[in-house]
Amino acid sequence: MSNTNQSKINSARKSKDFPGIKITLPDGSKKEYKKGVSGYEIAKSIGEGLARASLAVVVDGEVWDLDRPIDKNCNFKILTGKDHEGKKVIWHTAEHILTQAMLNLYPGVLMAMGPATDEGYYFDFDSNKRFSKEDFEKIESEMKKIIKADLPIVRKELSVKEVRKLFKGNKYKQEWLDEIEQNKEKATIYYTGEEFADLCAGPHVRSTSQVGYVKLLSIASAYWRGNSENEQLQRIYGTAFQDKKELKKHLNLLEEAKKRDHRKIGRELDIFEIDEDIGPGLVIWLPKGNIIKEELENWAKETEEKWGYVRVTTPMITKEGLFHTSEHLPHYKDSMFAPMNIDGEKYYIKPMNCPFHHKVFSARPRSYRDLPLRVAEYGTCHRYEQSGAITGLMRVRGMQMNDAHIYCTKEQAVKEFIDVIRLHEYYYKKLGIKEYQMELALRDPSDDKYHGEEEMWVEAEDLMRKAMEKSGVKYKVEQGGAAFYGPKIDFQIKSVIGREFTASTNQIDLFMPGKFNLKYAGKDGKDHVPVVIHRAPLGTHERFIGFLIEHFAGKFPIWLSPVQVRIMTISQKLEKKAQKVVDEFKKAGIRVELDNRAESIPKKVREAQLQKIPIMLTIGDKEIENNTVALRTLDGQVKFGVKVEKLIKKLRENIDDKELKFKF
RNA sequence: GCCUCUGUAGCAUAGUGGUAUUGCGUUGCCUUGGUAAGGCAAAGGUCGAGGGUUCAAUUCCCUUCAGAGGCUCCA
């Protein structure tokens with residue numbers, strides 16, 4: 001802190017009527033400032049450098065503009081380009097710069113709306129001109145001009161009337177203003193320089209030069225306000241970083257992500273195929289992919305047996321009545337495959353297993369002693385997903401679900417649900433999935449798609465919240481994402497490249513048991529309605545393996561690798577002897593291949609590397625003589641003179657323990 | 001489903017109003033090698049499908065199928 005500033009504060013403090021405020025810094029230390037001090041002034045009082053680097057501030061968890069006066073005691077943090085929240089402020093401003101550049105270059109364009117996202121920003125435009133990537137260079141250079149001009153960004157609160165004038169002829173802004181007017185909110189405007197203004201809640205950086213380096217990434221279309229009834233706008237995506245190197249790193253990451261695309265790796269490693277003649281979203285598991293699928297399935301079977309599940313198999317089609325009972329039909333008819341007429345009855349292909357498992361429950365009289373009853377099945381389901389929604393393995397029309405339904409008493413529900421969360425944690429840990437979170441999706445009470453009594457919803461939500469609080473896993477709440485029959489919890493998992501997927505949907509269901517008239521005899525000899533927990537930790541084979549391909553970049557842990565060992569001969573003369581070694585691995589239940597082609601060792605190695613085979617072994621005369629192999633692992637490390645017997649033992653251990661990394 | 005874009009051999013690509021380029025892979029021959037590509041040769045394509053314009057269409061237009069990026073949807 002500079003001396004003059006400090007002395008000013010000191011002298012102010014001495015005066016009786018010092019209207020001071022206390023701010024608490026992230027390290028817990030407190031500082032006192034005059035009421036109405038701005039974040040910028042605080043940053044300056046700490047150091048000139050910090051003032052220059054600061055982009056915005058966090059006041060009691062809310063991100064504020066640097067120049068906004070602070071008039072209360074608060075927790076306070078300065079944001080720079082190093083903080084993720086700071087980056088978001090940059091992206092927000094970059095989004096305005098994009099808009100300004102677009103208006104400069106293409107005067108007829110109408111600006112609609114756009115936010116900062118977790119990786120950058122986008123903005124939706126309405127224009128007769130079709131924009132393409134070829135226009136990006138021009139737009140970017142206009143953006144750079146604006147950044148270079150270092151225009152100040154100033155927030156203004158104006159009356160709705162004044163703002164309406166500003167956006168005359170822009171129906172999107174006018175519509176937005178209607179809403180502001182209705183909610184009796186104030187309209188805030190951010191000016192960039194004198195010429196450009198946008199309706200925006202902020203916050204923004206102080207001037208355009210703080211944005212640094214910008215890059216436009218893609219162009220797509222989007223409905224105005226996300227409603228498919230509305231007109232479609234052109235959406236331009238971009239990103240920005242203060243540090244040029246960081247931008248480059250981010251762009252590299254995007255390139256890397258492309259290389260990891262499960263569709264690309266799936267083809268290269270012969271995992272799956274989707275054939276035009278069969279149909280979109282219908283997956284063929286090739287022999288190698290099928291190994292992965294079966295390994296996962298066996299793992300789930302073993303694990304779930306230990307966790308007290310029983311397994312069933314239920315049919316793939318059913319009379320339509322079943323889905324009337326469950327009330328699925330009115331909601332999902334359009335996303336089910338059309339029914340077939342058999343013996344004068346309509347039969348549907350099942351889109352989910354739930355009603356079938358309810359029938360498993362009601363197939364026999366149940367007592368409280370039978371509960372909890374955990375019914376599991378890797379059920380094959382088909383959903384007629386919208387053609388535009390289908391993508392590789394991630395969204396398909398035929399899928400196999402790691403499904404189960406737990407029937408229990410209300411008293412058991414919380415514990416059972418916590419166990420379900422623990423089961424997720426177990427699976428994810430074993431697979432090295434570190435980043436995941438739960439999302440509690442509640443109903444939107446204003447939407448009439450939701451069935452069941454008010455009481456039921458409150459109780460179901462209450463049980464789920466209790467279970468989540470107790471489990472300690474972090475979660476966020478989303479209003480309006482619930483299933484029609486109850487709130488749900490999604491597990492969002494993030495791959496190492498940052499792509500996020502909903503892997504599993506779970507529910508505590510108080511609706512279906514009533515619909516299916518499920519009951520058990522309680523201690524009191526009376527009938528009671530059980531609670532149903534829906535759960536699917538490994539989701540569907542399709543999506544989960546798609547995720548795993550990207551997560552591991554095709555370099556699966558040994559236990560999941562379709563080919564675990566490839567043995568390469570140095571000379572074809574060694575074929576018979578090498579075959580004996582191969583047989584030893586086979587005897588130990590290890591998936592092994594022999595490469596005895598008349599190719600060079602470097603070539604054989606390269607191909608094995610590209611096939612991402614975890615264990616590569618070369619055999620020459622020396623190795624045959626000593627019953628050893630030369631071991632190469634996927635990371636390129638080579639070890640000569642490894643005893644075959646020892647290696648097999650180690651591999652067996654690694655496979656049995658489902659080790660993520662080869663332990664030798 | 002909607003918007004925009006794309007579709008050339010198994011894969012990745014070049015190109016054009018006069019039936020097509022290159023690399024990898026495949027097959028054959030030579031080579032029998034020590035940790036990310038040994039050499040030579042050959043085969044492989046009704047340029048997604050159907051229709052139209054044209055003397056002539058893989059190229060231009062329409063339709064359709066499939067894919068991509070988004071949006072909407074996701075029990």
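This is a short talk on two sheets in chain A, the domains of that chain, and the surface around RNA strand B.

Okay, before we start: what you see on the screen is a predicted model.

Let's begin with the domains. Chain A splits into four stretches: domain 1 covers 3-80, domain 2 covers 88-258, domain 3 takes 272-315 plus 349-552, and domain 4 runs 558-656. If you take the centres of domain 3 and domain 4 over C-alpha atoms, they sit 40 Å apart.

Now, the first sheet I'd like to show. Follow the strands across and you get β8, β9, β14, β13, so 4 strands in an open, antiparallel sheet. On the outside you have β8, just 110-111, and β13, at 213-223, and each of those pairs on one side only. In the middle, β9 (residues 121-126) and β14 (residues 232-241) run antiparallel and share 5 bridges. If you want a landmark there, click on Phe 125: across from it, in β14, is Gln 234.

Next sheet. This one is open too, but with 5 strands and mixed pairing, and the order is β32-β31-β33-β34-β35. Why do β32 and β35 each have a side without a neighbour in the sheet? Because they are the edge strands, β32 being 592-595, and each has a single partner strand. On average, neighbouring strands here are turned by 30° against each other, ignoring direction. For the parallel part, look at β31, residues 565-569, which is joined to β32 by 4 bridges. The landmark in that pair is Ile 567, standing opposite Leu 594 of β32. And then there's a helix, α21, residues 644-656, lying across β33, β34 and β35, at about 105° to β35.

Right, on to the RNA. How many residues surround RNA strand B? The count is 56, and the closest are Gly 226, Ser 387, Gly 388, Gly 620 and Ala 630. Several elements give two or more residues to that surface, and both sheets I showed you turn up: β13 and β14 are on the list, as are β33 (615-619), β34 (628-633) and β35 (638-643). The helices on the list are α12 (328-332), α19 (601-610) and α20 (621-626). Which element gives the largest share? That's α19, with 7 residues.

And for those of you thinking about chemistry, the surface near RNA strand B has 23 nonpolar, 20 polar and 13 charged residues.

That's it from me, happy to go back to any of the views.

Technical notes:
Residues numbered from 1 in each chain as written. Chains lettered and ligands numbered in written order. Predicted model: local features only at pLDDT ≥ 70, side-chain atom pairs only at ≥ 80, totals over all residues. Pairing = 2+ DSSP bridges. Near = placed C-beta within 6 Å. Nonpolar A, V, L, I, M, F, W, Y, C, P; charged D, E, K, R; others polar. Axes fitted to C-alpha atoms, helices over the stretch in contact; angles between N-to-C directions. Contact = placed C-beta atoms within 7 Å. Domains from an automatic or database assignment.
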